[in-house]
Amino acid sequence: SCKQRNDGERTRKAHCLVLTYPTQGHINPMLQFAKLHHHKGLKVTLVTTHFLLNTLQLHAGSSKCNIALETISDGYEEGGFATAESTDAYLNRFWEIGPQTLTKLLRRMSSSEYPVDCIVYDAFMPWSLDVAKKFGIFGAIFFTQTVEASFSGGDEEILIPGLQLPLEAVDFPSFLCDLGSYPAVYDMVVGQFSNVDEADWILCNTFHELEPEARPTIPSMYLDNRLKEDKDYGVSLFKQNNDACMKWLNEQPKVSVVYVSFGSGAELGAEQMEELAWGLRSSKSNFLWVVRESEAGKIPKGFVEETSENGLVVSWCPQLEVLAHEAVGCFITHCGWNSTLESLSLGVPLLAMPQWTDQGTNAKYIMDVWKTGLKALADEKGIVRKDVVEHCIIEIMEGETGKESKECYEMEASG
Ligand code: UDP
């Protein structure tokens, strides 16, 4: 209903700015959202930081998907977050300079052919709404997580309206139970709600069947952000060699490969990496393991050579394509919300190894609500040992859990 705007003399497409927080896991769902709305006939401009735009191998502006790109500044033009003194320093600077540069951008656009009508902004950046209001335009907050993880909190077992089962402390988003460790992140997470009531819309990256109970709790919600048949976000902040990876996958038998990835930010300790590596080896499954360049030093000596017959280690891969591949039978994941959603959408059983933030909540839902996989049990040091890794892989690839997960997926697919 808002697709067309009337500027007195002419009717034009409504113009929506989609403003992303500059990490892979936040850009992907918002780019998908942008593509979907472009497809539906809106004029859409994706906005990210200067540094990120230079880094991206971005296809969003290609003829395939004609989305315009613009930038604001986080104050770290040369190297982005990696060059900041600390997370606090990064966020303080970004929060100071971001609104100023967004204001400049809107001012410039207000005299262009397509003045901005609405800003859809990542929930991490609530100041975007203040800027939107100054210009008298709509503001929609976009939570890149589940409704459950976005709107829950507490420190004992508790049943929150809209959640499907009680959560224990361990299942809550980690920043809520571990306040002292990441003060800047905690402030940012809590800050998401500072002006949420003033937003014109609240958007969550989810779909109704996953969180049916959340809908009555938060009625004004966008519920279908899926662009079917889209196996390529078109954005990668990491170097990848897609051809080698897909060639290897094409050579593997159906449902024989364990895909392992901990997303764009999680860092495993050296001991955990070792346990995971040896667990993979003893499961005797084929595996494709994404180890980012910055993590590569933690792969145990000799592991890559010893397992080269049945395994491939890469520094990044086209994950959507990998999960859609018929060779993949299990996904060992940190349960980032994008990875979880992608795996659920493509019917791949999950082995959950959550690390922090909302990942514990997602792992709880994977195992206990959606029943689409297992959560690997950690020992008292918080480490998932190699025999647990091995056991869980076998259970998913050959055992009852794998069968049950597939049944759940099939039931869902048949409606
Ligand atoms: N991803 C990818 N290639 C990889 C690993 C991850 O394209 O080798 C993508 C993945 O498809 C997902 C995003 O990176 O869309 C990671 O987001 P997620 O929320 O799962 O985790 P985060 O990186 O935010 O921790």
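What follows walks through the overall make-up of the protein, one of its sheets, a helix pair and the ligand shell.

The model is a predicted one, with local features needing pLDDT of at least 70 and side-chain atom pairs counting only at pLDDT 80 or more, while totals for chains, interfaces and linings use all residues. Residue numbers start from 1 along each chain as its sequence is written.

To start with the basics, the protein has 16 helices and 15 strands (DSSP runs numbered from the N terminus: H or I of at least four residues for helices, E of at least two for strands). Of its 415 residues, 42% count as buried, a label for residues with 20 or more other C-beta atoms, placed from the backbone, within 10 Å of their own. Taking contacts (C-beta atoms, placed from the backbone, within 7 Å) with a separation of 6 or more, 63% come from residues 24 or more positions apart.

Now to the sheet. Six strands, 6 in the order β12-β11-β10-β13-β14-β15, make an open sheet with parallel pairing; a pair here takes at least two DSSP bridges between the strands. β12 (311-314) and β15 (373-375) each have a single partner strand, so these edge strands have one side without a neighbour in the sheet. From one strand to the next, the twist averages 15 degrees. Helix α14 (residues 359-369) packs on this sheet, where it touches β14 (350-352) and β15, and its direction makes about 130 degrees with that of β15 (angles run from 0 to 180 degrees between N-to-C directions, with axes fitted to C-alpha atoms, for helices over the stretch in contact). Further along the sheet, β10 (residues 257-261) and β11 (residues 286-290) pair in the parallel sense over 4 bridges, and Tyr259 has Leu288 in β11 as its bridge partner.

Turning to helix packing, the axes of α3 (residues 87-110) and α7 (residues 183-191) come within 8 Å and cross at roughly 40 degrees. The two helices are therefore oblique to each other, the class left over once angles under 35 degrees (roughly parallel), over 145 (roughly antiparallel) and 65 to 115 (roughly perpendicular) are taken out. On the α3 side, Thr87, Asp88 and Leu91 meet Ala184, Val185 and Met188 of α7.

Finally, the ligand has 19 residues around it, of which Gly25, Gly263, Gln319, Gly336 and Ser339 come nearest (the shell cut-off is a C-beta atom, placed from the backbone, within 6 Å). Two or more shell residues come from each of α1 (24-39), α12 (319-324) and α13 (337-346), and α13 gives the largest share, 4 residues.

Key
Two residues are in contact if their C-beta atoms, placed from the backbone, lie within 7 Å. A residue is buried if 20 or more other C-beta atoms lie within 10 Å of its own, exposed if 12 or fewer, and partly exposed in between; C-beta atoms are placed from the backbone.
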